[in-house]
Amino acid sequence: MTQIEKTPLRDDVISLEDGLLGIVCTACRRHSFPQRLLCLHCGSDQVENVSLPEQGRVCSWTVVRQAPEHLKTPYTLVTVDFEDGNRVLGAAEGNVRIGSPVTVELYPKTVDESGNSQWWYRFREVEEFNE
Amino acid sequence: MSETFIAGAGMVRFGKYPADITLENLAVRAAREAIADSSAAPADIEAVYMGHVFGGPVAGQRVAVQLGLGGLPVSNHENYCASGATAIREAWIAIKAGLYDIVLVIGAEKMTDRVAGGVMPDPADLDAINGLVMAANHGMSARRYMHDHGATREQIAAVAVKNHAHSVHNPYAQYQRPISLNEVLDARIIAEPLGLLDCSPISDGAAAVILCSKAGLAKLKIGSAPRIAGCALVSGKVVSSTSGLNDEDVSRRAAEQAWNISGYGPKDIDLVEMHDCFTIAEIVRLEGLGLIPVGEGGVWTENGNTSLGGKLPVNTSGGLLSRGHPVGATGVAQICELTWQLTDRAGARQVEEARLGLAYCKGGTVSGTDGGSVTVLMVER
Ligand SMILES: [Zn+2]
């Protein structure tokens, strides 16, 4: 039997060890998400790979109750602000509120043709996560 | 640099058309209305610009040949929901440059047979993986707006009530019946807190205008026609976690460009055709343009300031919420409405003494930014 492997759905967005991935620009010092060749702010290629902080804060959120067929409703989406300057959209589990701290959580989202589980990120309110 | 005038406007009623009424058919009908309105002969037209998103390759050429305009320069323009407005801007640029005197611009879309459940970003965009339907962006915007400004759900819903009240007087609107506040509040939820009636529908339709230089107007023996005072186009920029979710910097930048081109400012505007793809969007975009004070959009709507007869009538046509939103056609339909308003042909929805109108479109989203494309077009009597 072949071993079922865990892989990131996109390895420019998450790593299984470090969570959300981004870059910091050595020219303008600003951060971008996810990893990419050029700084989003100034276009410089002098960028270094970094990971985002483990926690951010909810800027706003919604529960989606109607979506195209391939998406299973309802689901919660949040916009999360990080201290490194990144604002990231993602799904959330559990209750969230404006201003509440959330943590990045990785989870198996899909399975590829070889049966490997493909992992992705979502957010979870910190208090609830600690329970 | 030649000035640009609107010599003719025409559209088909927006709505849900059966399969045998094709994109080409809708576009041809709208174009014929605009051509007839301008009294141009087909031989007078020198180029065709077509805005569409879902029409497939060379849709503009398929339409042009059906109009007997084969052989002309034809170009297709895609900027999602700002595609029609972008096509107008490209035609305006060509006339200003002195390339042509008389051109046809068409915006057309057949959506009801190819889009279901709501429009999404491009599948390759990061947000699409996270299930970002457009309504979700606006749901988050509404929730944050209520949080920051103490606006009520009722004030946001009032945008839909107002725009549906306007469209009662627009024979080209998809919906032509008034709706009550309770109908909006009680509608099934799409993306909290927004319900079905906070969302513009998926529609079919087409709209067209004939744009002319001064020489073109003379050739068509038209004494006076509304003038395009400026066309602004900007794209989204990366947002950071320190900016407000409803800062609307992209709208502010588009407005700044429009004021620079036209020499006018927010106080000069008499009426607005606003891209109300969702109720909350009308409010935050008006604020972003500087047309109403930040945080007061809800109160303004509730008090009737943006209604027909109010301080600044917004969406006399019914807007996207009730005229309908065939995405590529919307920007051109907005200019049809401004043309009719500025030539006193808007019937029961006429804004008295309207002199200067502004039309705003926003097309698409790009992950991490404050938008795809934003256009601000200004038309004066
Ligand atoms: Zn940089």
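The site of the zinc ion is tetrahedral, with angles of 105 to 118° among its four donor atoms. For four tetrahedral donors, the ideal angle at a metal is 109.5 degrees. This is a predicted model, and every value here is computed from it. The donors are the SG atoms of A:Cys25, A:Cys28, A:Cys39 and A:Cys42, at 2.3 Å. Look along the chain and you will find their spacing: C-x2-C-x10-C-x2-C. Now place two of these residues. A:Cys25 belongs to strand β3 (residues 19–25) of chain A. A:Cys39 sits in the loop between β4 (31–32) and β5 (47–51) of chain A. The pair therefore ties together parts that are 14 residues apart in sequence.

Step back to the whole of chain A. How many helices and strands does chain A have? There are one helix and 10 strands. Along the sequence, the pattern reads β-β-β-β-β-β-β-β-β-β-α. Its C-alpha atoms fill a box of roughly 45 × 40 × 35 Å, taken along the principal axes.

One bond in chain A deserves a look. The peptide bond from A:Thr73 to A:Pro74 is cis, and its omega is near -5°. Where is A:Pro74 found? A:Pro74 is in the loop between β6 (55–64) and β7 (75–81) of chain A.

Chain B has a cis peptide bond too. This one joins B:Glu192 and B:Pro193, with omega about 0°. B:Pro193 also lies in a loop, between β5 (189–191) and β6 (194–195) of chain B. Another backbone detail sits at B:Glu248. Its phi is near 55°, a positive value in a residue other than glycine. B:Glu248 lies in the loop between β8 (227–235) and α9 (249–262) of chain B.

Next comes helix packing in chain B. Two packed helices are described by the angle between their axes and the distance between the axes. Take helix α10 (residues 279–289) of chain B as your guide. We will follow its contacts with α5(B), α6(B) and α9(B).

Start with helix α5 (residues 134–149) of chain B. It packs with α10(B) at an angle of about 65°, and the axes are 9 Å apart. That angle makes α5(B) roughly perpendicular to α10(B). The crossing is left-handed. From α5(B) come B:His138, B:Ser141, B:Ala142 and B:Tyr145. From α10(B) they meet B:Ile280, B:Ala281, B:Ile283, B:Val284, B:Arg285 and B:Glu287. By class, this contact of α5(B) with α10(B) has six nonpolar, two polar and two charged residues.

Move on to helix α6 (residues 153–167) of chain B. Here the angle with α10(B) is about 100°, with the axes 7 Å apart. So α6(B) is roughly perpendicular to α10(B). B:Gln155, B:Ile156, B:Val159, B:Ala160, B:Lys162 and B:Asn163 in α6(B) touch α10(B). Their partners in α10(B) are B:Thr279, B:Ile280, B:Glu282 and B:Ile283. Five nonpolar, three polar and two charged residues make up the contact of α6(B) with α10(B). Notice B:Ile280 and B:Ile283: α10(B) uses them to meet α5(B), and they meet α6(B) as well.

Finish with α9(B). Its axis comes within 7 Å of the axis of α10(B), and the two cross at roughly 45°. How do α9(B) and α10(B) lie relative to each other? They are oblique, because an angle must be 65 to 115 degrees to count as roughly perpendicular and under 35 degrees to count as roughly parallel. The crossing of α9(B) and α10(B) is right-handed. Find B:Ser251, B:Arg252, B:Ala255 and B:Trp259 in α9(B). They meet B:Arg285, B:Gly288 and B:Leu289 in α10(B). The residues of this contact of α9(B) with α10(B) divide into three nonpolar, two polar and two charged. B:Arg285 is shared: it meets α9(B), and it also meets α5(B).

Technical notes
Residues numbered from 1 in each chain as written. Chains lettered and ligands numbered in written order. Predicted model: local features only at pLDDT ≥ 70, side-chain atom pairs only at ≥ 80, totals over all residues. Heavy atoms only, no water. Axes fitted to C-alpha atoms, helices over the stretch in contact; angles between N-to-C directions. Helix = DSSP H or I, 4+ residues; strand = E, 2+ residues; numbered from the N terminus. Parallel < 35°, antiparallel > 145°, perpendicular 65-115°, else oblique. Left-handed = near helix turned anticlockwise from the far one by under 90°. Contact = heavy atoms within 4.5 Å. Nonpolar A, V, L, I, M, F, W, Y, C, P; charged D, E, K, R; others polar. Donors = N, O, S within 2.8 Å, 3.2 Å for Na, K, Ca; no water. Tetrahedral: all angles 85-135°; square planar, octahedral: opposite > 155°, others 65-115°.
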